[in-house]
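This report looks at strand pairing and at the ligand site. Keep the sequence and the structure in view while reading.

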Amino acid sequence: MHFAPRHNWMNDPNGLVHHDGVHHLYFQYNPQGNAHANLSWGHATSTDLAVWTEHAPAILWDDDAQIFSGSTVVDHGNTSGFGTADAPALVAFYTAAAPGHQAQSIAYSTDGGHSWEKYHGNPVLDRGTSDFRDPKVFRYDDGADGYWVMVAVEAHDRQVLFHRSDDLKTWTFLSAYGPAGPVGGVWECPDMFPLAVDGDEDDVRWVLLISLNPGGIAGGSGTHHVIGDFDGVSFRPTTPYPPATPETLVERSQTREQLEGFGWIDFGRDCYAGVTFDGLARHERTLIAWMDNWEYAGSIPADPEARYRSAMTLPRRLSLVRDGEGVVRLRQTPVATGITEERVVDLGRLERNSSPTQEIPTSGRIRISARLGTSQGLEVRLEGQDGRGGAVLRYDRGAARIELDRSRGVEHLPTAFGGVQTMPVADAEEFRCDVWFDSLNDEVSAVEVFADDGDRVLTSLVPAFSGGVLRISTVGGPVEAVSLGIAEAR
Ligand code: FRU
């Protein structure tokens, strides 16, 4: 269900682009081993976002620089001259990373994204600094006056810089955003795109995504978002976050309470560097993120046979919705092409004891619906048939929180891994959430929890469990009715 390379180290998704009916996923990749080194762009393609075919690495590191994160566009107007009007080139933007120096470079492909040529005039944007990286390029305004915009970070300054270009090769400065909001770590992998609130084309907002490491809401790596407006020059948040101070600019300095005042795409430990596809239909936005955390990514045991490290999240369709209080929220909906029809199991009323054990597939989705009545919540335990691994998910109605506890069976996992993650959700008598889960290797499985219709998401690796079972128990009083919709990975 989740993309992982056949071998070796992987981190951020890069250059996500949809072209000629094919989704291209490039990714930070070490072709020679499973440590974070020799960074190059790996490559995989899919037509349905469920089944991926891995190809030879697309852009390889060389003696001068590693190929750090970035993006890809289809140059339809042949503004770069790399393609032709009939056969547009794909142009990739990456950070050429050398010790003490990072600048933006480009490569182009005239065979639909399989083979790439580095541009002889590289770098195309160089500020002479050491942490300027992760360019995301998009076309601003499809009309005749349109131009290209690049968002990239000065990571240590906690700033997103906007530049523009007419030919993808010459870039001029437009403006900067930040430092503001979550700043207890460096800023990385920005993305920015417009979305129509509740599909209303007269109410289009811009969403700015910024990954932060460390200092994220769940500890370590995390990704926040800012909703606002972009006029082609600068980004203005609808509700600005407080500007940074010398105190907040310190690593991990912001408290959980302060961090809860900002927008996060995910409340779990393992959703980082998420970016969206270029080249989809207008206002169709699909995000993929790296399902890991820099606090321990290098020390989670690699798959013993394939020896790959890390997987990506499910692809998630993004939308903006206005909630009951008029607040505009970012909603995530998994692109659910990889599972079967669901089988509904009605568990009826639950008294104090836990429900009979339900067998669940090794990979799939469980839709939990419960009428809580006077109960204070419920607890869902996922574990292997041998009683090993898994996690416990608790809904605490009074506290309006979901907790995911992955502290059991962590013997082979790094110490930084264990513990409880929590996410604020609505206090509702009708509780509903979707739990996606997948076995990744002998040591870890992945769990992605979508609550409040996808307005709240928690992604977490958990100690491996397979051929699993599920049990539900009540928290503070009987639950009136529980039903499960169980779907399996195809
Ligand atoms: C984010 C990141 C990026 C960088 C890449 C290097 O996870 O640190 O800022 O380009 O990884 O692999």
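## Strand pairing

E1 and E20 run parallel, joined by 2 bridges. One bridge pairs Trp 9 with Arg 309 in E20. The model is a predicted one.

Both strands belong to an open sheet of 5 strands with mixed pairing. The order is E4-E3-E2-E1-E20. Strand E4 (53–59) and strand E20 (308–309) form the edges. Each has a single partner strand, so one side of each lacks a neighbour in the sheet. Strands of a sheet pair through backbone hydrogen bonds, either parallel or antiparallel.

## Shell around the ligand

Which strands each supply at least two residues of the shell around the ligand? They are strand E1 (8–19), strand E5 (66–74), strand E9 (132–140) and strand E13 (186–196). E1 thus appears in this list and in the open sheet.

The ligand has 13 residues around it. Asp 12, Gln 28, His 36, Arg 133 and Asp 134 come nearest. By class, the shell holds 5 nonpolar, 4 polar and 4 charged residues.

## Polar contacts and cover

Side chains of Asn 11, Asp 12 and Trp 294 place polar atoms by ligand oxygen. For Asp 12, an N or O atom of the side chain is 2.7 Å from an oxygen atom of the ligand. For Trp 294, the distance from a polar side-chain atom to a ligand oxygen atom is 2.9 Å. For Asn 11, the corresponding distance is 3.1 Å.

On its own, the ligand has 320 Å² of accessible area. The protein covers 96% of that area.

Methods: Residues are numbered from 1 along each chain as its sequence is written. This is a predicted model: local features need pLDDT of at least 70, side-chain atom pairs count only at pLDDT 80 or more; totals for chains, interfaces and linings use all residues. Side-chain values use heavy atoms; hydrogens and water are left out. A residue is near a molecule or strand if one of its heavy atoms lies within 4 Å of it. A polar contact is a pair of N or O atoms within 3.5 Å; within protein, one must be able to donate a hydrogen and the other to accept it, and residues adjacent in sequence count only if both atoms are side-chain atoms. Accessible areas come from the Shrake-Rupley method with a 1.4 Å probe; for residues, only the protein chains shown count as cover. Helices (H or I, at least four residues) and strands (E, at least two) are DSSP runs, numbered from the N terminus. Ala, Val, Leu, Ile, Met, Phe, Trp, Tyr, Cys and Pro count as nonpolar, Asp, Glu, Lys and Arg as charged, and the others, Gly among them, as polar. Two strands pair if DSSP finds at least two bridges between them.
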